[in-house]
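Here's a friendly walk through how two chains meet and what sits inside them. Take a look at the structure, then read on.

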Amino acid sequence: MRQTARVTDLLSSPRLLGDGTTIAHRPDWAWLPPGAAPTDADLTRAGRQAEQLLAGHGVTYGADRADSDHHWRLDPLPVVVDEPEWARLDAALVQRAELLDAVLHDLYGARRLLDDRVLPPTAVLSHPGFLRPVDGLRLPGGRELVLTATDLVRDASGEWCVLADRTQAPSGAGYAMEDRRVVAQVLAPVYRQASIARLGPFFHALRKALVEVAPPTAGDAPRAVLLSPGPGSETAFDQAYLASMLGLPLVEGSDLVVRAGRLFLQGIDGLEPVDVVLRRVDAEWCDSLELRAGSRLGVPGFVHALRRGTVSVVNPLGASVLENPALLGYLPRLARAVLDQDLTLASAPTWWCGEERALRHVLGRLDRLVVKPTVHGPRTTTVLGWTLSVAEREELAARIAAEPWRWVGQEPVGPVLADDDGPRAAVMRTFAVAHAGTYTVMAGGLARVADDAVVTSSAGASAKDVWVLASQPAEPDAAVREDVAGAGGRAVGYGISPRAAENLYWMGRYAERAEDGVRVLRAVADRWDDYHRSPGSAGGRALEVLLTALTPAALADGAQAAQPADADAAHVVPRPPALRDLLLDQGTPGSVARAVRRLASSAATVRDQLSTDTFGPLARIERTLRDERTRVRARQQSGGGLDVGPVPPGSVTAGLRPTLDRVLESLLAISGIAAEGLTRDVGWHLLDAGRRLERAQRLVAMLQATLVVRRPGDVEDLLLESVLLAAESAITYRRRHQRGADVASVLDLLVHDRTNPRSLAFALDRLLADLEAVPAPRSAAQRDHLLHGVADLVAELDTVAVGNEVSEDGRRVRLADALGSMLWRLREASDEIERVHFVRPAPSRALDDLWGSTYGDPGEGGER
Amino acid sequence: MSVRTYDLVHRTTYEYAQPVTDSYGRTTLTPRDLPDQRVLATSLTVDPAPADTGEHVDWFGNTTTYFGVTRPHTRLVVTARSTLEVSRTVPPRAALPDVGWRAVARAVTAGDLGLLRTDAAGLVTLREAVLPSAHVTFVEEVRDWAAPSFADERPLADVVTDLLHRVRAELTYRSGSTTVSTTQAQLLAQGAGVCQDFAHLMIAALRVHGVPARYASGYIETRPRPGRPKLRGADASHAWVSVWLPGHGWLDADPTNDQLVDDRYVVLGWGRDYHDVPPLRGVIFTEGGGATPRVEVDLVPAGSEPFV
């Protein structure tokens with residue numbers, strides 16, 4: 001958080017300085033009771049807390065990735081707007097939305113406005129957002145523009161001025177809500193003393209709006225989904241947050257299918273009709289058949305279903321034609337033509353170069369204008385004319401002259417700042433939704449500020465909450481609870497696609513894999529600390545078995561380690577094991593860091609199914625691992641100079657234990673949230689099934705690696721102790737057995753004991769119960785056969801007999817057979833689960849083009 | 001006025017090595033009904049039978065058909081059959097107006113409905129027809145190539161004739177020499193292409209000078225050399241150019257064969273370029289690969305032995 005960004009306030013209702021003409025840009029708390037204003041120290045503390053809260057909620061801008069700097073930045077100092085000023089803005093925004101809606105109506109209908117005297121046709125025809133395939137389509141309910149966002153700045157006189165309209169699939173409402181939650185918490189003393197308008201009504205209106213546009217085929221309870229481009233989208237958080245706030249399944253194009261002229265969600269239990277799509281996928285990508293070929297983000301046939309009138313999409317495809325900045329200059333004329341009113345809200349003065357006079361004007365003032373393409377592309381972005389060299393300006397002028405309709409020139413608009421303030425920009429995004437015959441404007445918005453001439457979230461702008469000071473006090477509990485706008489009842493399993501199901505299942509597996517990995521590392525590290533100096537002792541030999549059996553990847557030669565440890569082999573491990581890599585290094589197979597990363601990625605794709613509390617511990621684990629990596633790297637650089645050789649044996653585990661403990665703590669929090677914070681719906685059962693299967697597999701594999709070869713009594717005692725520790729059953733065992741451990745009773749506790757949640761029998765019971773609760777689109781007979789086979793093997797396992805029956809070469813052969821058989825079945829069952837439950841549609845591809853193929857060599861007549 | 005009656009069959013076959021679970025397609029295979037082209041009968045069949053079909057008249061007035069085949073198949077056959085009467089004649093040069101290309105270009109910019117001989121809706125169409133589009137880009141190479149044909153006061157009709165000659169004379173027809181993504185600059189550099197490329201080049205040449213031009217999709221009848229039998233199913237899809245010639249209307253010109261379009265041609269539809277009117281486009285769902293389509297076109301005088 002940069003200090004400078006905080007002390008300048010470019011968006012709040014303007015307050016004049018002494019002489020009555022200059023606008024103050026310092027925060028003003030005069031509206032608070034005396035003494036209630038937050039101090040600089042309060043704000044600094046609030047900023048820090050906000051940062052923690054946002055990290056804890058997993059709020060990001062930019063795609064999900066491990067070492068991302070893409071945390072959402074929030075400046076706790078709010079933008080404060082007086083109610084009378086806001087009331088005027090609200091009315092002006094409603095007027096603007098009504099105007100844009102009417103224009104949209106006309107452009108895809110009568111096209112009466114497409115006339116040089118009102119709106120030059122080329123301004124529309126040349127814009128890629130004008131989608132000819134959806135011409136003539138209408139949304140039920142009378143509106144075409146359902147959701148609109150407006151980017152506003154203050155001009156030099158302190159008035160609001162529009163920079164751009166966002167009509168494609170406006171983002172940011174979710175961020176605005178999250179900002180409000182955080183600011184209300186970190187500035188609680190101030191927040192409580194103010195009457196601040198609530199954001200909730202906007203989301204209520206949005207929910208109702210989605211019902212209002214539902215097609216007649218929808219019935220009484222229209223089913224809506226939020227269509228997302230996926231977790232790789234920059235605003236993935238905003239989408240998932242909005243989806244869960246509105247109670248909508250978060251789906252991707254590959255989850256949907258068009259059948260018999262209708263859109264369906266391919267649920268794990270078959271096709272579920274979809275009536276309304278709130279889309280965050282740009283229109284062009286929504287249908288690879290009718291729109292952009294090759295798009296994997298949409299659904300082939302979507303436009304066909306829209307033409308059939310069986311599904312509605314918000315905003316309608318084609319709405320982004322209104323984002324064309326060329327329109328800004330024509331809006332006053334359009335307002336008079338369409339609404340018979342003067343436009344109340346000014347836009348930044350904008351000239352569309354498609355008109356000859358405007359072109360001359362722009363080319364003559366390139367050094368003073370912001371030059372924008374009508375649509376952004378790889379080589380065409382906004383240019384600040386005054387930052388260009390003469391040569392660059394000439395090149396730009398040539399590009400504009402070649403295709404003038406692609407460009408606008410815009411007057412820079414912004415507050416007048418003192419010179420020492422440096423470059424500074426601030427934009428406020430407002431939101432409006434069509435509802436009940438008019439538009440409902442969010443009483444607040446998403447403000448963003450940057451120490452730069454332009455504001456972009458990807459370049460690290462900070463967000464601000466927008467407070468509209470209400471004359472009526474808000475409901476007392478409004479502040480805390482206002483985010484629960486909807487989340488009404490949803491049918492069991494509704495909205496869970498095979499993709500989501502698979503991610504939930506793998507979330508369970510990765511969570512368990514990480515947790516087990518930590519416990520194993522703890523058990524091995526303890527033995528290392530105790531015995532690595534005495535390789536010949538019983539402890540030293542137990543350590544060697546543990547290292548080769550449980551953490552082979554940490555050894556220098558993985559291939560050698562993969563073989564069963566030979567009791568008579570050399571006692572000295574040649575190089576100190578890289579236990580730390582098994583915790584920290586994502587590149588090491590089987591590492592905790594790798595499991596955690598995959599856990600986080602799976603979680604990101606099913607964010608709408610999870611409690612927001614899940615993301616706090618996840619973020620903490622990734623931070624802990626990152627911090628530890630940094631620390632280790634720093635130590636290696638300071639200590640070893642350039643030569644980063646093997647770590648001295650004494651420091652193999654240095655600092656490992658506290659990190660393991662911290663990671664485990666957060667993993668336990670995640671499993672606690674799953675156990676106590678989620679309803680037992682299909683999603684939960686999948687999550688749990690993944691955890692149980694993973695635990696069963698890892699337990700059997702551990703027993704196989706440690707107990708099949710019989711060791712001398714004193715070595716085996718230590719081994720068994722470590723196995724019990726790694727399986728989180730040591731305390732139970734000690735309570736039940738006064739003497740030291742023996743193989744039979746350890747097997748009893750870890751395999752047979754149905755009361756021990758760490759036992760194989762327990763895991764199987766739960767796994768079978770979980771799978772029972774999950775719809776199976778394909779026959780699950782083979783899956784159940786395999787799992788019951790494991791259960792039978794468990795029941796048949798005579799722990800005393802298998803413990804004692806040892807072959808000549810020192811192996812417990814019957815135990816080996818039984819465990820091998822179990823492991824094989826568990827792995828097969830895992831494949832079966834994938835096959836039965838996660839049936840995903842085949843990948844799509846475009847039919848080969850007919851180009852050229854029909855135009856063979858000129859025919860016999862020589863004509864073609 | 002003579003009238004020629006044709007039976008037309010256009011069949012596209014995809015054969016896959018591995019099953020395709022779903023095929024979604026959209027065709028522009030229904031010929032347009034026009035004053036000089038009457039469609040007597042037309043039908044479209046898809047095999048396997050689609051679970052869902054829908055007809056739609058697109059932005060340009062072409063009839064398109066959507067289909068969704070949603071059961072597994074290894075073979076997809078799309079067959080369009082039509083019977084039509086074509087009475088199109090080529091106007092003699094003397095019958096074409098002498099309006100200069102520059103006057104036309106200026107009138108499009110100024111919205112001079114009188115000179116353009118059109119109305120407000122027509123102006124929207126003409127403004128669209130001077131813009132670049134998916135396959136028609138405004139680049140220096142095209143500007144330079146086209147410049148010699150656009151002498152200052154030249155009548156537009158003569159510009160068109162000259163461009164037709166030049167494409168035929170300067171470029172070679174070579175099947176398979178281009179793909180759907182070949183640009184006009186690449187075409188000019190390699191000097192060879194197919195009819196769609198030639199159409200796109202001529203459209204680009206006209207638009208870059210401000211003259212409205214659009215892309216036409218259809219067929220041309222091939223005639224056997226004297227004494228040889230006609231090879232059935234070996235006719236061809238074809239593409240050419242329509243130019244707005246005020247006082248005449250849309251003038252259809254075929255740069256591949258250096259001639260104006262007459263009664264040997266059948267018009268399927270038109271758009272800004274190939275992208276708007278491919279005869280068939282589709283999306284398939286499969287674990288396997290795609291397939292190269294086999295295309296058969298049969299355009300014969302009505303009453304000939306049926307093509308099956």
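In this predicted model, A:Ser844 has B:Phe285 as its bridge partner in β13(B). That pair belongs to a bit of strand pairing across the chains: β21 of chain A, residues 844-846, runs antiparallel to β13(B), and three bridges join the two.

So much for one spot; now for the whole contact between the chains. Chain B puts in 59 residues and chain A puts in 47 residues. On chain B's side, the elements giving two or more residues include β1 (4-27), α3 (120-128), α7 (195-208) and β14 (294-301). Which element of chain B gives the most to the side that touches chain A? That's β13(B), with seven residues. Here's how the residues on chain B's side of the contact divide up:

| Kind of residue, chain B side touching chain A | Count |
|---|---|
| Nonpolar | 29 residues |
| Polar | 21 residues |
| Charged | nine residues |

Next, the nonpolar cores. In soluble globular proteins, nonpolar side chains tend to be buried together. The largest nonpolar core here has 256 residues, and A:Val433, A:Val524 and A:Leu760 touch the most other members. Helix α14 of chain A (residues 498-531) is the top contributor to this core, giving 17 residues.

What does A:Val433 touch, leaving out residues up to four places away in sequence? Its contacts are A:Val146, A:Leu147, A:Phe202, A:Ala205, A:Leu206, A:Ala209, A:Tyr439 and A:Thr440. Apart from the largest core lies another one, of 79 residues, and its members include A:Leu847 from chain A along with B:Ala204, B:Ala236 and B:Val261 from chain B.

Note on methods:
Residues are numbered from 1 along each chain as its sequence is written. Chains are lettered from A and ligands numbered from 1 in the order in which they are written. This is a predicted model: local features need pLDDT of at least 70, side-chain atom pairs count only at pLDDT 80 or more; totals for chains, interfaces and linings use all residues. Two residues are in contact if their C-beta atoms, placed from the backbone, lie within 7 Å. Helices (H or I, at least four residues) and strands (E, at least two) are DSSP runs, numbered from the N terminus. Ala, Val, Leu, Ile, Met, Phe, Trp, Tyr, Cys and Pro count as nonpolar, Asp, Glu, Lys and Arg as charged, and the others, Gly among them, as polar. Two strands pair if DSSP finds at least two bridges between them. A nonpolar core is a set of buried Ala, Val, Leu, Ile, Met, Phe, Trp, Tyr and Cys residues joined through C-beta atoms within 7 Å. A residue is buried if 20 or more other C-beta atoms lie within 10 Å of its own, exposed if 12 or fewer, and partly exposed in between; C-beta atoms are placed from the backbone.
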